[in-house]
Amino acid sequence: MSGAALGLEIVFVFFLALFLLHRYGDFKKQHRLVIIATLLAWYLCFLIVFILPLDVSTTIYNRCKLAVNSSPAESNGSYVTLAPSKQKCFKPWSYIPDGIMPIFWRVVYWTSQFLTWILLPFMQSYARSGGFSITGKIKTALIENAIYYGTYLLIFGAFLIYVAVNPNFNLQWNQLQTIGIAAANTWGLFLLVLLLGYGLVEIPRSHWNGAKRGYLLMKTYFKAAKLMTEKADAEENLEDIMEEVRKVSESIKYNHPLRKCVDTILKKCPTEYQERMGRNMDDYEDFDERQNSYPSEKSLAKLHKQVIYSVQRHRRTQVQWQILLEQAFYLEDVAKNESSATRQFVHTFHSQEPENKIVQYFYTPTVEWYWECLLRPWFYRVLAVVLATFSVIVVWSECTFFSTKPVLSLFAVFIQLAEKTYNYIYIEMACFLTIFFLSICVYSTVFRIRVFNYYYLASHHQTDAYSLLFSGMLFCRLTPPLCLNFLGLTHMDATISHKNTQPTAYTSIMGSMRVLSFIADGFYIYYPMLVVILCIATYFSLGTRCLNLLGFQQFMGDSEMTSDLIDEGKELIRREKRKRQRQEEGENRRREWKERYGNRDDSTRSRAVHTDQKESSFSETNANRPLSKYTRSNGRTERDRIELLQDAEPLDFNADSVNDDPLESDSGR
């Protein structure tokens with residue numbers, strides 16, 4: 001089993017990252033480089049979270065071996081026995097041989113840092129660029145990131161000059177590398193505590209509120225009102241952008257040098273707008289440089305960027321509106337079925353997607369009623385209590401993990417108790433649940449963050465390339481300090497435990513933080529205590545109230561604006577429900593009419609077709625007979641009609657009145 005657990009987790013984490021990326025991204029429409037870069041960033045971050053428990057169990061076994069080797073001992077198979085106490089150091093089932101984990105962590109860490117600080121910011125600018133060629137997009141991305149990269153180079157250069165001038169500092173390459181790692185982890189820890197303080201409270205509370213049917217339905221109505229406003233805004237913005245595209249398309253003709261750029265913009269437009277512009281455009285007119293002022297390539301690139309953004313936003317709001325409608329209809333069905341005497345779940349509308357037969361066989365209407373109306377609320381309440389207990393343990397441990405005598409961090413107590421008995425399965429499960437809960441609190445907050453309309457992770461393949469790359473940057477910057485914080489909570493970090501023991505392989509590549517004592521003994525220890533204040537602020541919804549005061553409508557039960565938006569959303573859902581009911585009634589009537597009169601119509605249609613064939617054959621035979629007789633006269637009549645059309649004078653639209661036309665002089669008669 002040596003190394004087998006590592007290989008299995010590597011494969012499992014890859015498919016997990018691929019599944020999540022498929023849910024949020026669009027493999028068919030988005031660029032392959034964007035998909036590959038985002039997948040690699042997510043994969044490396046998830047890999048660190050899943051592999052770190054194996055590193056902890058392997059480190060505990062290696063510590064046992066060192067303790068045994070430093071005292072009289074005798075070897076026996078796969079474990080080592082201490083002579084005095086006859087204590088056994090069993091090799092864990094997931095043991096990773098020496099030398100593998102340091103190389104593995106070094107590759108994973110530096111690859112993720114290269115992605116988050118160099119490649120992904122460049123690809124963000126490249127994805128949002130409106131250039132029409134690869135060279136143009138690269139040039140735009142380099143210009144946009146010049147300030148970004150220049151700031152870091154300036155700070156790093158100033159630090160090198162200070163170290164070179166000051167004789168008290170004698171830094172080597174390893175120490176300089178540690179300083180760079182510490183700077184990156186400090187930035188990540190600053191953001192990590194902010195996100196963690198929100199997730200520790202909001203995740204248990206969201207599950208507790210998920211058991212309240214009335215609360216969920218009111219919040220769905222509120223979302224419907226806000227989403228309708230955003231949807232109308234997106235449609236209006238798209239109309240304005242398409243009007244600009246139409247004007248540009250009409251001004252730049254087919255033989256203009258910039259026509260290729262216009263065609264590229266038109267390809268990004270929705271199909272109905274492309275057809276409309278194609279009908280109204282006359283490509284047979286040559287362009288004249290002296291007649292009109294044509295837009296430049298730079299302005300076309302800006303318009304191209306606006307088209308990509310507006311089309312993506314319009315498509316996303318349309319899909320989200322349909323998803324929200326389905327959710328609202330389902331919650332209304334749950335509220336209606338709670339008082340059902342038959343205890344069978346009845347849907348107002350049938351599912352538009354074909355359901356799996358296996359799911360239909362086991363998940364019957366009776367099972368669905370018991371789950372949705374009875375079991376699911378209690379399940380959410382129990383889950384919320386468990387998550388709240390974990391949150392309390394995390395907050396307590398964040399405030400007390402620096403205390404080693406006595407050990408106050410509950411996670412460190414659990415790990416040390418299991419370390420005494422060398423229960424590696426318990427150690428790995430405890431480590432995995434702890435770091436998994438911390439990751440859920442942080443990553444779920446990243447998925448919920450919405451920075452206006454520039455960064456927004458939307459499910460059902462509606463996330464744009466910029467948001468995907470930005471999420472990959474955040475994951476790569478948050479995961480290393482998250483893992484260091486976890487090792488500090490469990491006292492597996494020698495900087496926290498102050499013990500001269502073998503560190504984990506992950507800690508060894510980070511270097512000794514003693515190079516910067518004010519960070520190791522100050523910021524890393526006392527800054528995580530800020531999570532208490534953030535949890536209190538999140539519990540009392542201080543951030544939501546501040547956003548509400550600034551004009552960003554948030555769901556608050558005691559707000560008059562919230563009540564108005566709930567009523568508006570309820571009316572919108574009712575209107576969409578009536579519309580869908582009329583559509584289904586019309587489809588049912590057409591289906592019943594087809595089933596009732598379909599055979600009769602088919603027989604009538606066949607008789608009509610047979611009669612038409614007879615009449616057409618009879619007319620063809622009669623028409624072929626006098627063909628030679630009337631051929632010359634018909635040809636003469638056609639020639640006369642052509643001559644009359646050629647001799648007709650064109651209408652003069654510049655005349656003062658219609659009566660000036662000589663052709664209408666006798667129209668009164």
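Accessible areas here come from the Shrake-Rupley method with a 1.4 Å probe. On that basis, the chain in this predicted model exposes about 39,700 Å², and carbon and sulfur atoms supply 60% of that area. Of the 669 residues in the chain, 39% are buried.

Let's start with the overall build. The chain holds 21 helices and five strands. Among contacts between residues at least 6 apart in sequence, 76% join residues at least 24 apart.

Before zooming in, it helps to know how far the model can be trusted. The average pLDDT of the chain is 79, and 77% of the residues score at least 70. Among the elements, helix α11 has the highest mean pLDDT, at 92, while strand β2, covering residues 79–82, has the lowest, at 40. Two stretches also fall below 50. Over residues 618–638 the pLDDT is below 50, and this stretch has zero contacts in the model beyond near neighbours in sequence. Residues 640–669 are also below 50, with four such contacts. Where pLDDT is low, the predicted coordinates should not be read in detail.

Now for a helical segment that carries an annotation. The unreviewed UniProt entry marks residues 224–251 as a "coiled-coil region". In the model this span is 100% helix and 0% strand, and its end C-alpha atoms lie 40 Å apart. A residue of helix α9 meets this span: glutamine 320 lies in α9 and, leaving aside its neighbours within four places in sequence, is in contact with Leu227, Tyr456 and Ala458. Is glutamine 320 buried or exposed? Its relative accessible area is 13%, under the 20% limit, so glutamine 320 counts as buried.

Next come some backbone details. Most residues other than glycine have a negative phi, and most peptide bonds are trans. Against that background, three places are worth a look. Arginine 343, which is not a glycine, has a positive phi of about 55°. Arginine 343 sits in the loop between α9 (297–337) and α10 (357–362), and counts as partly exposed because its relative accessibility is 41%. Tyrosine 422 also has a positive phi, near 55°, and is placed in the loop between α12 and α13 (424–448). With a relative accessibility of 15%, tyrosine 422 counts as buried. The third place is a peptide bond: lysine 405 and proline 406 are joined in cis, with omega about 0°. Proline 406 belongs to the loop between α11 (365–400) and α12 (410–421).

Moving on to helix α13, we reach the surface. Leucine 433 lies in this helix and is partly exposed, with a relative accessible area of 41%. Which residues form a nonpolar patch on the surface with leucine 433? They are Trp93, Ile425 and Met429, and the four together have about 410 Å² of accessible area.

Finally, consider a pairing across the sequence. Serine 541 is found in the loop between α18 (530–539) and α19 (542–549). Its relative accessible area of 22% makes serine 541 partly exposed. Although serine 541 and tyrosine 198 are 343 residues apart along the chain, their C-alpha atoms are separated by 9.9 Å.

Methods: Residues numbered from 1 in each chain as written. Predicted model: local features only at pLDDT ≥ 70, side-chain atom pairs only at ≥ 80, totals over all residues. Heavy atoms only, no water. UniProt positions renumbered as here; feature names shortened; annotations may be inferred. Helix = DSSP H or I, 4+ residues; strand = E, 2+ residues; numbered from the N terminus. Buried < 20%, exposed > 50% of the residue type's maximum accessible area, 1.4 Å probe, protein only. Contact = heavy atoms within 4.5 Å. Patch = residues over 30% accessible without salt bridge, like charges linked within 9 Å, V, L, I, M, F, W, Y side chains within 5 Å. Salt bridge = Lys/Arg side-chain N within 4 Å of Asp/Glu carboxyl O. pLDDT = per-residue confidence, 0-100.
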